[in-house]
Each structure stands twice: as C-alpha cells, then as structure tokens.
Amino acid sequence: MSEMTREQTEALIQEVLEVYPEKAQKDRAKHLTINDQEIEKSSKCITSNRKSLPGVMTIRGCAYAGSKGVVWGPVKDMIHLSHGPVGCGQYSRAGRRNYYVGNTGVDTFGTINFTSDFQEKDIVFGGDKKLNKIVDEINMLFPLAKGLSIQSECPIGLIGDDIEAVAKQKGKELNKTIVPVRCEGFRGVSQSLGHHIANDAIRDWVIDPATGKEFESTDYDVTIIGDYNIGGDAWASRILLEEMGLRVIAQWSGDGTLAEMENTPKAKLNLLHCYRSMNYISRYMEEKFGVPWMEYNFFGPTKIEESLRAIAAQFDDKIKEGAEKVIEKYKPQWQAVVDKYRPRLEGKRVMLYVGGLRPRHIIGAYEDLGMEVVGTGYEFAHNDDYDRTIAEVGNATLIYDDVTGYEFEEFVKRVKPDLIGSGIKEKYIFQKMGIPFRQMHSWDYSGPYHGYDGFAIFARDMDMTLNNPCWDSMTPPWKRMGDETAIAAE
Amino acid sequence: MPNVMLRYNDKGDLLFYVAKKDLEEVIASVETNTDEAWGGTVELSNGDKFFIDPISPPPEFPTTLRFKRG
C-alpha cells in the first residue's frame, strides 16, 4: 500500500473510533493524532498520561512494574524484595533480560525472585514483623548483598504498613542501605509513576545519604543513565564512550551496582538514554550537584554519530578527536551492514508501539536501513516525550497514545505495515494475522541493539523476521492454486 | 502552588518544568530580572502565567522554586 495521506489517516481514526460509546469515543479521540511537524507543542494535538478507559484492553503496566521491573530490578548487587503476595514478583521474574556479570546468588541477585509471600494473616495483622524477619534472613543467607530495596505491592499501601520505619531501623542495625519504595501498583495511571517513585527513592535513600563519600574523579567521568542493558545494550554503548576517551563511572541501572549509583553525582556529565524513566533523578543531580545531563541516542549509525559528536562537544579537543576516531573506525563496519541488508529491507513499512522511549529513538535505525515508520505510539509517555517525537517522525504519520488492543488491530488491518514492533502481548495476534513481528521491549530474546555492534544485530534480526520464508506459507496450497485445481479435478 | 524546576536548556533559555503537570516550557518574560532581584510574574511561551515574590539576590539556576498561579 502506498503512503497514506493526511485525510485518509484522519478518516481511518474516525472509522476506528466509531465502535466506541459516545463518551469513550470523545476520550479516545484525544489520544490519537496525525503527526504535523509544524506543531511545536504536542499538548495541542495529543493527550497523554491519562487513566486508561475501563473496559478497553490497554497494554500498560503498573507502578510496581515501573519501579521493581525497570528502575530498581537491574541493580545487581542489591536484593529487591517484592513485598506482598508472591505473584507480582514471580510472574515478572527475569522477564526484562537485564544482563549482568557476577555470581547469581552470591554477589549478584538479578534473576532471583525475592518475595515476602503475603498470606491472609499478614493482611489482617500487618506485615511489618514478617518484613523484619525477612531482612534478617536475607542478611544471613546473602551476606554479600550490598543493600536491599523493599518494593511494595498493592496490599502494602492498602493496609498501611510502615515499611519506612522497618527500613530505617534495620538499616541502622545492619549498617546496610535499605530502601523502602512506595511503588504500590495502584498508584498512577501506568508504570511511569513507578519510575518517578523509584527515582525519588534513589534520591532520598541512596544519593543523599552518600553525599560526601570520597571518590577519585577525573575530568572525563560520565555515567550512562537510563540504559537497562537489555541483551547487553549498555555494554555496546559503554565501549563506544570508553573508546573515545571517556571514563564511564556508573551504569544506571543495567549491570549497575549500589556503589555506582552513589558515585554518580561525582560525574562530569550524565548521559541519559531513557528520558522517560530517569529524567527526574538527572534533573535532581543537576540542581543539587551541578552535574549537567544530556539525552543521547545510540540506535543506528546516523544517530550514533550525531550523539557521539554532541557528547564530545561537552568536552575538550582530546575527546572530540576521540569521537571522530571512533566514528571513522566503525564506518566500514556499519557500511557493510547497510550494504548487505538495505537492499532486502528498502521501502518496508514499520509500525511501532513500545514504552516511553523507543517509539522515537529507534526510528533512526530503521531509516538507516531504508525502512519507514508509518505509525508509532507510547504506552506511558508524557507530553514532553511527544514534544520530542514530533520532529522525529514524518508528516501524516499516525500517532497513538495508550492504544487499545482493538484500535491497534484495526490500524494494522488498514495501514498494512510490513513489520510491527511491540511487546509479547501483541506478538502472536499479529503473527497470526500474517504480519512479521519483532518484540521491541526485549529485542525478541536477541540483542544488543544499541551501538554499532547492536546495529548489526538489529539489521540481521529485522531481515530474518521480514524475509522469513514462513510468510509465503500463509495461504494454504489448495487456496493458492485456486481455480486451476478445481478444473483439474473435474 | 506548584514546585517548579528551573534550568537552562541547550540554547541558553530558561526552562520552566513542573513534573506533576508535564509542563516543560521556555520562559518568555520575567517581570523583575535585574542584578538585585529575580521574580514577579513569569510568562511562559504558551501564555501561562505564574507568580513568585521577587527573590533577592537572584537565585542560581538550576533550582527548584515554589510558584503561585498568576
């Protein structure tokens, strides 16, 4: 299908909205829009970060998912206790594939599920006693854990347990960092508030108490913030920064440690990849410690080049030279990737629906492969994310905020993209509809996709999915031959 | 009375950021902006107005201040 015009896209949105009752229609209409690069402020054309409608199939998560799953979970040398019933922690265990190095169960704890397994009696009589006991047990069983974070699940907030008091008392007693995080799932409209709560907890319980800690800093200290090392993303980013002469003193939070978090305010520059989940703490560090921050994008060679130069511009000539050297060094490598895959992917159309960053960040990587993004949307972005999106996507592109299962399906049926990038819940619906699909949350168990090394894997994966011979088998043989068979049978 | 984070963006404009409102706007004009004091009615590029009693001496940005709706 050729590119849709503005009018066609508008008509499509109208048509899709028609099935809703009047009130829901009015609400959903505000979340669907057509990109117009002339508009500078997204608030004029799209509403975001609002409560999902009851009754629709939203793809969002909860505040606990934002805190435990995204921000805190990857901090590898701390134990993250899912405080409450067992399910929340167990069903999300190790789902985000935040890679790390270390001996799991000895000095790192990333993939283990720790839970207080609330029972009826804990709900009735309160769970603080149990929490007290758990902290002691954890300290005895895992003495190398540098700290503990208590991630509240819904019941904790509902019954009003005082986890802060337990954390304070036990922290003093054991002389360890114990962080109570009030990330009950019912807070907020999506995982986004969980990110904010987790950021605030880091501010109050990690960064502030560690102020004044000694640290030998250099002029080239930077940190990687908001990179969760999915499939090794942060490592693929880190080597580029190190090659240009910078020293990465902390990774937040993929393959990160408590000590790294404490040292972060001593950096010269905070590099922010996922703006949505970690802008709060970056802003705080700028204000309190005077550490500037900047956003960067390590998806696809064009954006990497831009970002490397922008990062280098914050430092002296030595780093600038280093950046040019890195760009020069990897040019043949990515050029070979583009030469190989671009002819196979050129002109293919992609629809994205991911979390809070990738719907805009990854567009550059697709464009480097000659592909076009014809629809994009966020689960839990805020208006500041959409402000940053408008410039990235083409005019008349469909944009959907907190899309419902129904809307997404209808859009796909009409826009007919060649590839969809979204999450596991959407994957099998679209594959059964005969459309190639990649999970863009977990890189479909592949990765890394960041950096030059990641781009090669990204290109291969897209080719592997799009040009998979299985898509030719969507029509069964008896239907494919059609009338001819019928005649022969006569 | 929103808590507002004020910081300079890359272009050197002063940004007015209210986390809870997702409001991130460039400040268009400040009533009092001298060497002695900073404050008064602050107008944003989208037309919103906020008020703060002039602070003397002027605060160092980035910083967080409490504004009133003006």
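Trainee: Which residue of chain B forms a salt bridge with Arg388(A)?

Mentor: This is a predicted model, and the pair to look at joins two chains, with one partner in helix α17 (residues 383-390) of chain A and the other in strand β3 of chain B. The closest N and O atoms of the pair are 3.4 Å apart. A salt bridge needs such atoms within 4 Å, so the pair counts, and the partner of Arg388(A) is Glu24(B).

Trainee: Is Glu24(B) buried or exposed?

Mentor: Arg388(A), its partner, is partly exposed, with a relative accessible area of 22%. For Glu24(B) the relative accessible area is 11%. Buried means under 20%, so Glu24(B) is buried.

Trainee: How many salt bridges does the rule find across the interface of chain B and chain A?

Mentor: The pair of Arg388(A) and Glu24(B) joins the two chains. Over all chains the count of salt bridges comes to 39. Across the interface of chain B and chain A, the rule finds four.

Trainee: Which elements give two or more residues to the side of chain B that touches chain A?

Mentor: That side of chain B has four nonpolar, two polar and four charged residues. Glu24(B) lies in strand β3 of chain B, and β3 is one of the elements that give two or more residues. The full list for chain B is β1 (3-8), β3 (23-33) and β6 (63-66).

Trainee: Which three residues supply 48% of the area that chain B buries against chain A?

Mentor: The size of an interface is often given as the accessible area lost when the parts come together. Here the area buried between the chains is about 1,100 Å², and carbon and sulfur atoms give 43% of that. On the side of chain B, no other three residues supply more than Arg7(B), Asp22(B) and Glu24(B).

Trainee: How many residues of chain A are in contact with chain B?

Mentor: Contacts can be counted by residue or by pair. There are six residue pairs in polar contact between the chains. In the count of residues in contact, chain B has 10 and chain A has 15.

Trainee: Within chain A, why are Asp317(A) and Lys320(A) separated by about one helical turn?

Mentor: The two residues form a salt bridge, with their closest N and O atoms 3.9 Å apart. Asp317(A) is exposed, with a relative accessible area of 52%, while Lys320(A) is partly exposed at 34%. They are separated by about one helical turn because they are three residues apart in helix α14 (residues 317-345).

Trainee: What is the relative accessible area of Glu184(A)?

Mentor: Glu184(A) forms a salt bridge with Arg187(A), the closest N and O atoms being 2.7 Å apart. Arg187(A) is partly exposed, with a relative accessible area of 29%. Glu184(A) is buried, and its value is 0%.

Trainee: Which residues is Ser442(A) in contact with, leaving aside its neighbours within four places in sequence?

Mentor: Ser442(A) lies in the loop between β14 (437-439) and α20 (451-466) of chain A. With a relative accessible area of 7%, Ser442(A) is buried. Outside those neighbours, its contacts are Arg97(A) and Ile230(A).

Trainee: How much of residues 62-466 of chain A is helix?

Mentor: An unreviewed UniProt entry lists this stretch as "domain: Nitrogenase/oxidoreductase component". Its end C-alpha atoms are 32 Å apart. Strand makes up 15% of the stretch, and helix makes up 49%.

Key: Residues numbered from 1 in each chain as written. Chains lettered and ligands numbered in written order. Predicted model: local features only at pLDDT ≥ 70, side-chain atom pairs only at ≥ 80, totals over all residues. Heavy atoms only, no water. Contact = heavy atoms within 4.5 Å. Buried area = accessible area lost by both parts, 1.4 Å probe. Salt bridge = Lys/Arg side-chain N within 4 Å of Asp/Glu carboxyl O. Polar contact = N/O pair within 3.5 Å; in protein donor to acceptor, adjacent residues only side chain to side chain. Helix = DSSP H or I, 4+ residues; strand = E, 2+ residues; numbered from the N terminus. Nonpolar A, V, L, I, M, F, W, Y, C, P; charged D, E, K, R; others polar. Buried < 20%, exposed > 50% of the residue type's maximum accessible area, 1.4 Å probe, protein only. UniProt positions renumbered as here; feature names shortened; annotations may be inferred.
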